[in-house]
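Colleague: Could you walk me through this structure, one step at a time? I am new to reading models like this one.

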Amino acid sequence: MGTMTLARPGLAELVEGIRELLSRPAEPRATAFAVAELLRGRLPAPEILTEEERTGDPETYVRHTLHTEPGFSVVAVVWRPGQGTRPHDHIAWCAFGVLQGVEYETLYRDEGDHLTEIGRAANRAGDVSGFAPPGDIHRVHNVGDVTAISLHVYGADLSVEPTSVRRTYDLPVR
């Protein structure tokens, strides 16, 4: 008996497009923006996840790793209302697109003994963006009343790295 692979609508085409982009080396920020542009044209529907996966977890947001290989990983994140992250930064560039709902993002600058809020964004279904360290400290949360789903492409092999988060911040915000 063989192993059955779950069909993920739009994933194979997205992965091929990312591989093509990564075959042309660029600095991390340019790569994040290029992958974000690719996502803008190939953002899959929420049905890239099963109905059960789209439900999420009542206790915390859920990450579904959809693809990993040397150089990048594709992860879907499901955020029920009220769920979010702590302020954090990343080990590599990232591009993301919102598939459903609204993700609220707060951006920060590390001042050594505190964080300063430097921006806010309400990322709605269809919105796409990208970023790269350093200067990528943010917090993401769902303050809406529907489950939010986003697709993230990280410039790291998350089958080797345990997480895309480099550091979380417990500094006060001023």
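**Around H88 and its neighbour**

Modeller: Happy to! Keep in mind that this is a predicted model. Leaving aside neighbours within four places in sequence, H88 is in contact with D136, I137, H138, V165, R167, T168 and Y169.

Colleague: How far apart in space are H88 and V165, C-alpha to C-alpha?

Modeller: V165 is among the residues in contact with H88. In sequence, the two are 77 residues apart. In space, the C-alpha atoms of H88 and V165 are separated by 6.6 Å.

Colleague: Is H88 buried or exposed?

Modeller: H88 belongs to strand 3, which covers residues 88–90. Its relative accessible area is 6%. Buried means under 20%, so with 6% H88 is buried.

Colleague: Which backbone oxygen does the side chain of H88 reach?

Modeller: Let's look at the polar contacts of this side chain. One joins it to the side chain of T85, at 3.5 Å. Another, at 2.8 Å, goes to a backbone oxygen, that of R86.

Colleague: What about D89: which side chains make polar contacts with its side chain?

Modeller: D89 also lies in strand 3, and at 3% relative accessibility it counts as buried. Not counting residues up to four places away in sequence, D89 touches residues including S164, R166 and Y169. Its side chain has a polar contact of 2.5 Å with the side chain of R166, and one of 2.7 Å with the side chain of Y169.

Colleague: Now the sheet. Which strands are at its edges?

Modeller: Five strands form an open, antiparallel sheet in the order 1-2-9-4-7. An edge strand pairs on one side only, and here these are strand 1 and strand 7.

Colleague: Which residue in strand 2 stands opposite H67?

Modeller: Strand 1 (residues 62–69) and strand 2 (residues 72–79) are antiparallel partners, paired over seven bridges. Their hairpin has two residues between the strands, and G71 there takes a positive phi near 110 degrees. Opposite H67 in strand 2 stands V74.

Colleague: And what is the bridge partner of Q100 in strand 9?

Modeller: Strand 4 (residues 94–100) pairs with strand 9 (residues 148–154) in the antiparallel sense, over six bridges. Within strand 9, the partner of Q100 is I149.

Colleague: Which strands does helix 2 touch?

Modeller: Helix 2 spans residues 28–42 and packs on the sheet. Its direction makes about 165 degrees with that of strand 7. The strands touched by helix 2 are strand 4, strand 7 and strand 9.

Methods:
Residues are numbered from 1 along each chain as its sequence is written. This is a predicted model: local features need pLDDT of at least 70, side-chain atom pairs count only at pLDDT 80 or more; totals for chains, interfaces and linings use all residues. Side-chain values use heavy atoms; hydrogens and water are left out. Two strands pair if DSSP finds at least two bridges between them. Helices (H or I, at least four residues) and strands (E, at least two) are DSSP runs, numbered from the N terminus. Buried means under 20% relative accessible area, exposed over 50%, partly exposed in between (1.4 Å probe, protein chains only). Contact means heavy atoms within 4.5 Å. A polar contact is a pair of N or O atoms within 3.5 Å; within protein, one must be able to donate a hydrogen and the other to accept it, and residues adjacent in sequence count only if both atoms are side-chain atoms. Axes are lines fitted to C-alpha atoms, for helices over the stretch in contact, and angles run from 0 to 180 degrees between N-to-C directions.
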